[in-house]
Amino acid sequence: MDKLGLNEIRKLFRDFYESKGHYPAKSASLIPQNDKSLLIINSGMAPLKNYFSGVETPPARRMTTCQKCIRTGDIDNVGITSRHGTFFEMLGSFSFGNYFKEESLEWGMEFIRDYLKMPMDKIWATVYEDDDQAVEIWKKLGMPEERIVRLGKEDNFWEIGLGPCGPCSEIYFDRGPEYGCGSPDCKPGCDCDRYLEFWNHVFTQFSREEDGSYTPLEHPNIDTGMGLERLACIMQGVDSIFDVDTIRHILKGVVEKSGVEYKDGQAPTDVSIRIITDHLRSITFMIADGIMPSNEGRGYVLRRLLRRAARHGRLLGIEGKFLVELSNKVIEVSGEAYPELIEKKAYIQKIISVEEDKFADTIDQGEAIILDYVEEMKATGQTVLDGEKVFKLYDTYGFPLELTEEILAENGCSADTEGFAVNMQKQKELARANRKSTDEEAWKDADHSVEVPPTKFIGYDSYIGECQILAIVGADGMTKIAKAEETVQIYLDQTPFYAEGGGQVCDKGVLSTRNGDLAIVNSVEKVDGVFIHKALVTKGTFSVGATVLAAVDGPKRNCTARNHTATHLLQRALQQVVGSHVQQAGSSVNEHMLRFDFSHFEALTKEELTKVEFLVNQKINQFLPVIISEMSMEDAQRQGAMALFGEKYGDTVRVVDVGGWSVELCGGTHVSNSGQIGAFKIISEGGVASGVRRIEAVTGTGVLTKANDAEAVISEIADVLKVNKTVVVEKAKSMAEELKSLKKELEEIKKAAMGGEIDKLLADAKEINGVKLITKKFEDYGINDLRNLSDDIKAVSKGIIMVLATVNGPKVTFLISITDDLLEKGYHAGNMIKQVAAACGGGGGGKADMAQAGAKDPSKIEAAFALAETLI
């Protein structure tokens, strides 16, 4: 048996199946496409589900892949055992109604025997107990009958609910009796470690019906899966995935960085080394596929892995950031097979760096808080941390639940996960309530059960059209007629009104009749293909069956279309200036402005914003034609059309092409030429969530409105400063310099005044049990002023505790400072200030020698000073 490297095995498998007429598809992204049942791709066949179900047509009826996968179900075992990991690669061969069992097993045996050159006396097979066909094929291929094991449904039959299912045959490698249980009946199916399953051939030949019966499929399928790391263990003669050549390369990097010796899983520190090694693979691949750290969904999985690896680096004694540097090890061994790792190296490492910085800011504080909680629990005989506190660690300090659980477990405690879930749900419900828009409120009583055919939308081509009223719903339900002053929902056979969707607001306009009857359309909603027009009847009556003239508010639609097309140009510009990782995360387009949310890890610089703005205006000034066409999803993808991630598209899609520069799938309304946008101006850029940025912008006359507003502000400032508006900037600069000088002068006066107080404060200090207590209240002083005073007193005296307070409006700030000689006697500023500040309705903390706190009630300062005496 040849000792093949992991990368060699992958290529050998691909080349073998390509020689058998299989289309060699590259690995799908870890982000599932058009599959909301999965958070992250976790198996080789997961990206191909729609091919097996017939929803989509595969590129070929024979395929082979090496699929990158993430599984976190056994994350607690990663590092502890030799075989668990969160990242793995799955080799697979697939037939979509092309060939079946005989070819699958024959080619499998050929690859094992002639290409991997495994010793055939070590190979065993299991089959489903009733699958005589598979047994005969194995015997025909030369497998001795005593090495063919029949197992039951639990082991060798694949099915998930109703639908396609079938038996499977698993191939095992005999590692030798030294790994066995010693039983004479030991064989595949035994719980010991002797027989290692490494290749599963699933024969999808039945459909399970509701009555429990199995119907043969007209076109049975083949789905095989073989874990690349597990196969590499066999081929390299090692017992641990961490000893496989490519993974060992990463592990060596961790060892070199930490300076901690790896002892093949025998030392406690080996767990941390293995966790970092495994998580580095997952982190690097996830970011390359566009996953961003966040507090929910797949972004949460990434953040959890990244922060867990960062913490275990600290446990090994690694100081500062280190994951960025070690990600190079992953790219070195996997970059050839997955070129996106090399292409996106800078981006991957930037994301890791930003996240490491964020975690470094909170981990010390978070761990200290957890350990304080542990001490409190031990003092009261408790071992379970309250769910509200667990959630606070997650929400305030960015501690993933699992990381809190891990630290608690290390200290003999656990977390109240149910209480955590309750608090998480409360926050989600609050956020959901806050997100509820006025439009949603307006439609909350809408009756969507009216039985009418889908509405034909004619608004792409016309702003006006004759329509027939099919139904009317009033305040009391269905009605045949709507009268003046009534607000009703009107259902038409066709409509030019765009219904809200895709981030674009709905059209507004009027419905009228030849008799002069008039209704104003205020909002339009689309439910299951039916448009619902919410309208106020202002004159006359409207009845079911009547013909009405529907007219869209043209200027409003035009301005909205202008902003919508500009949004497409903005996304393309961001991808060119900021990076190809930019993806739309939400948008809002109306007649006044546009809002675009996108995936990015940090604020855009002024230079980047200027470039983006310039690029969009450049495309506007090029007067690019906007071509809108309908085509199949496959044709759209070939054209390079951008799709909104997570959106479900039909077989036919609408493609908006702006001069070949921006090509997107979109159902909204647009200008016919980019020049109609007029101009584009960014008015704000900021963060809305972890890994999500937001740009707000205006176009056309909106730019003029903003310019007029800005000019009005400048004129007002000039009037206040009593200068011509052309010299406002110079005047503001000189005033700022003057203010800076005055502030410096004031600080010097304050410092002199406080310095003069030192002797008086020392003289007035009250002695309690051999400790001198200084208390003093100041007005309109800053915390730095109090710190400076404290340092000056410490420089000239010992045995002193200072409790100082400064009042700024309704707020109080306390500072407690203790000279070093008293620290040895057990005095602790951080502990004292919690109680002192509480006396004024506040709270805070700090170190033993100095601590600060905020409070709300200045009238209680003297009571706080009295409490300080009592505490001493």
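Buried means under 20% relative accessible area, exposed means over 50%, and partly exposed falls in between, with a 1.4 Å probe and protein chains only. Keep that scale in mind and select Ile464, which at 45% relative accessibility counts as partly exposed.

**Before we go further**

This is a predicted model, where local features need pLDDT of at least 70, side-chain atom pairs count only at pLDDT 80 or more, and totals for chains, interfaces and linings use all residues. Residues are numbered from 1 along each chain as its sequence is written, and side-chain values use heavy atoms, with hydrogens and water left out.

**Stop 1: the whole chain**

Zoom out. The C-alpha trace spans about 105 × 90 × 55 Å along its principal axes. Colour by secondary structure and you should find 25 helices and 35 strands; these are DSSP runs numbered from the N terminus, helices being H or I with at least four residues and strands E with at least two. Of the 872 residues in the chain, 48% are buried.

**Stop 2: a lysine inside**

Select Lys101, in helix 3 (residues 101-115). Is Lys101 buried or exposed? Lys101 is buried, its relative accessible area being 2%. Beyond neighbours within four places in sequence, its contacts (heavy atoms within 4.5 Å) include Asp131, Phe203 and Ile222.

**Stop 3: the hairpin**

Now show strand 19 (residues 518-527) and strand 20, which pair in the antiparallel sense over nine bridges. Two strands count as paired if DSSP finds at least two bridges between them. Ile520 has Leu536 of strand 20 as its bridge partner. Two residues lie between the strands of this hairpin, where Asp528 takes a positive phi near 50°. Add strand 16 (residues 487-492): strand 20 (residues 530-539) pairs with strand 16 too, antiparallel over four bridges. Here Val488 is matched with Ala535.

**Stop 4: the six-stranded sheet**

Move towards the C-terminal part of the numbering and display the open sheet with strand order 30-31-32-33-35-34 and mixed pairing. Strand 30 (766-768) and strand 34 (843-846) stand at the edges with a single partner strand each, so one side of each has no neighbour in the sheet. Neighbouring strands here are turned by 20° against each other on average, direction ignored. Strand 30 joins strand 31 (residues 771-779) antiparallel through three bridges, and Glu767 is partnered with Lys772.

Next, add two helices. Helix 22 (residues 783-796) lies across strands 31, 32, 33 and 35, at about 20° to strand 33. Helix 25 (residues 861-871) lies across strands 30, 31, 32 and 33, at about 170° to strand 31. Axes are lines fitted to C-alpha atoms, for helices over the stretch in contact, and angles run from 0 to 180 degrees between N-to-C directions.

**Stop 5: salt bridges**

The structure holds 41 salt bridges, each a side-chain nitrogen of Lys or Arg within 4 Å of a carboxyl oxygen of Asp or Glu. Pick Glu410 and Arg311, whose closest N and O atoms are 2.6 Å apart. This pair links helix 14 (residues 401-410) with helix 9 (residues 297-315), 99 residues apart. Glu410 is partly exposed at 45%, whereas Arg311 is buried at 2%.

For a last selection, try Asp507 and Arg557, a salt bridge with 2.8 Å from N to O. Asp507 sits in the loop between strand 17 (494-495) and strand 18 (509-512), and Arg557 in helix 17 (residues 554-577). Both residues, Asp507 and Arg557, are buried.
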